[in-house]
Amino acid sequence: MKANIKGSVNLLSKNKPPNDDHGHGTHVAGIIGALDNEFVVVAGVTVVAAAGNSAFEALYFTPANCPDSLTVSAFVDLNGSAGGNGSVTINGVLEYEETFANSFSNYSDFCWDLNGDGQCTDADTLVVNLMALGVKIFSTLPTSPVTLNDPTGADKELNYDTLTGTSMATPHVAGAAALYLKANPLATPAQVRAALTTGGACPGGGTGGHITCPAPWPDDFDSAWKPLLDVAPPEVL
């Protein structure tokens, strides 16, 4: 991952070094900047936001409900490939392979009618735009004791461990957005969103945006059928 780090900054205090005293930020950054190995919108910046972990309507959570953000909910994939049949228990709920993470992930039935025609079409945007992998994601953690790897905290390992949440799903999309912007440096945030959603995987195979996916993913609470992030299409890479 070190080769993908270009610098660091402490956004909480300019007088302190950019050290992570909790562990969450290190884990998220590790997903975004992971090496390929075996282990503010007006300014033109693509903003990727987590839908939230309350198993509730994302419209009531900020920044998930910002019309210009690319908002991400969580999906269960325990083996990294299609066709698995595993399961895991989260918050006392049995989550099955290749389903919406309904034990914690926020969702939404709402659409921002950007063109004002009274309909939700591909010209508009859903409150939640994409799903990405967010269950038991293996990534970096600080090399010294912090909240997440302290025995009195989450008791995670030093260096690397798994975490679950929409915060883990979101950096997958941020990384994909970075890949797309590298290939298309003049793309606007709306064009990045369109590329990732229309290139996303639909239930039963194929790709398509929120209008063209033929059916919802299993266990998805809402009627707005979101595609699953897919970085294989040439539009992204």
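How many bridges join strand 2 to strand 5, and do the two strands run parallel or antiparallel? Two bridges join them, and the strands run antiparallel. Keep strand 2 in mind, as this report comes back to it.

## The chain as a whole

This is a predicted model. The protein chain contains three helices and 10 strands. Reading from the N terminus, the order of elements is α-β-β-β-β-β-β-β-β-β-β-α-α.

The protein chain has 237 residues, and 42% of them are buried. Its accessible surface comes to about 12500 Å², and carbon and sulfur atoms account for 56% of that area.

## Strand 2 and its partners

Let us start with strand 2, which covers residues 70–76. Seven of the seven residues of strand 2 are buried, so this strand is largely enclosed by the rest of the structure.

Which strands pair with strand 2 in parallel? Strand 1 runs parallel to strand 2, with three bridges joining the two. Strand 8 also runs parallel to strand 2, and here four bridges make the connection. Strand 5, as the opening said, is antiparallel to strand 2.

You can find a pair of facing residues for each of these partners. Alanine 49 stands opposite threonine 71 in strand 2. Alanine 74 has alanine 132 of strand 8 opposite. Valine 76 faces threonine 99 in strand 5.

## Helix 3 and what it packs against

Helix 3 spans residues 189–198, and its buried residues are Pro189, Val192, Arg193, Ala195, Leu196 and Thr197. What do these buried residues pack against? Their neighbours are strand 2, strand 7 (125–126), strand 8 (130–133) and helix 2 (166–183). Strand 2 and strand 8 are familiar by now: they are the parallel pair joined by four bridges.

## A small network of charges

Side chains of opposite charge can pair when their charged atoms come close. In this model the count comes to two salt bridges. One of them links the side chains of aspartate 220 and lysine 226, with an N to O distance of 3.1 Å. The other links aspartate 222 and lysine 226, at 2.9 Å from N to O. Through the partners they share, the salt bridges join Asp220, Asp222 and Lys226 into one network.

Are these residues buried or exposed? Aspartate 220 and lysine 226 are both buried. Lysine 226 counts as buried because its relative accessibility is 0%, and the limit for being buried is under 20%. Aspartate 222 has 4% relative accessibility, so it counts as buried too.

## One disulfide and another cysteine

The structure holds one disulfide. It joins cysteine 111 to cysteine 120, and the two sulfur atoms are 2.2 Å apart. The angle about the S-S bond is 85°, and the link is right-handed.

How accessible are these cysteines? Cysteine 111, at 25% relative accessibility, counts as partly exposed. Cysteine 120 is partly exposed as well, at 31%. Cysteine 66 also has 31% relative accessibility, so it counts as partly exposed.

## Loops with unusual backbone features

The loop between strand 1 (48–50) and strand 2 (70–76) is home to proline 63. A cis peptide bond, with omega of about 10°, joins threonine 62 and proline 63. Phenylalanine 56 is found in the loop between strand 1 and strand 2 too.

Which residues other than glycine have a positive phi? Glutamate 98 is one of them, with phi near 60°. Its place is in the loop between strand 4 (93–96) and strand 5 (99–100), and glutamate 98 is partly exposed with a relative accessible area of 23%. Asparagine 159 is not a glycine either, yet its phi is positive, at about 80°. You will find asparagine 159 in the loop between strand 9 (137–140) and strand 10 (160–163). At 37% relative accessibility, asparagine 159 counts as partly exposed.

## A nonpolar patch on the surface

To finish, look at the outside of the model. Phe56, Tyr60 and Phe110 form a nonpolar patch on the surface, and together they have about 340 Å² of accessible area. Phenylalanine 56 counts as partly exposed because its relative accessibility is 44%.

Key. Residues are numbered from 1 along each chain as its sequence is written. This is a predicted model: local features need pLDDT of at least 70, side-chain atom pairs count only at pLDDT 80 or more; totals for chains, interfaces and linings use all residues. Side-chain values use heavy atoms; hydrogens and water are left out. A disulfide is a pair of cysteine sulfur atoms within 2.5 Å. Buried means under 20% relative accessible area, exposed over 50%, partly exposed in between (1.4 Å probe, protein chains only). Accessible areas come from the Shrake-Rupley method with a 1.4 Å probe; for residues, only the protein chains shown count as cover. Patches are made of residues with over 30% relative accessible area and no salt bridge: like charges are joined within 9 Å, nonpolar side chains (Val, Leu, Ile, Met, Phe, Trp, Tyr) within 5 Å. A salt bridge is a side-chain nitrogen of Lys or Arg within 4 Å of a carboxyl oxygen of Asp or Glu. Contact means heavy atoms within 4.5 Å. Two strands pair if DSSP finds at least two bridges between them.
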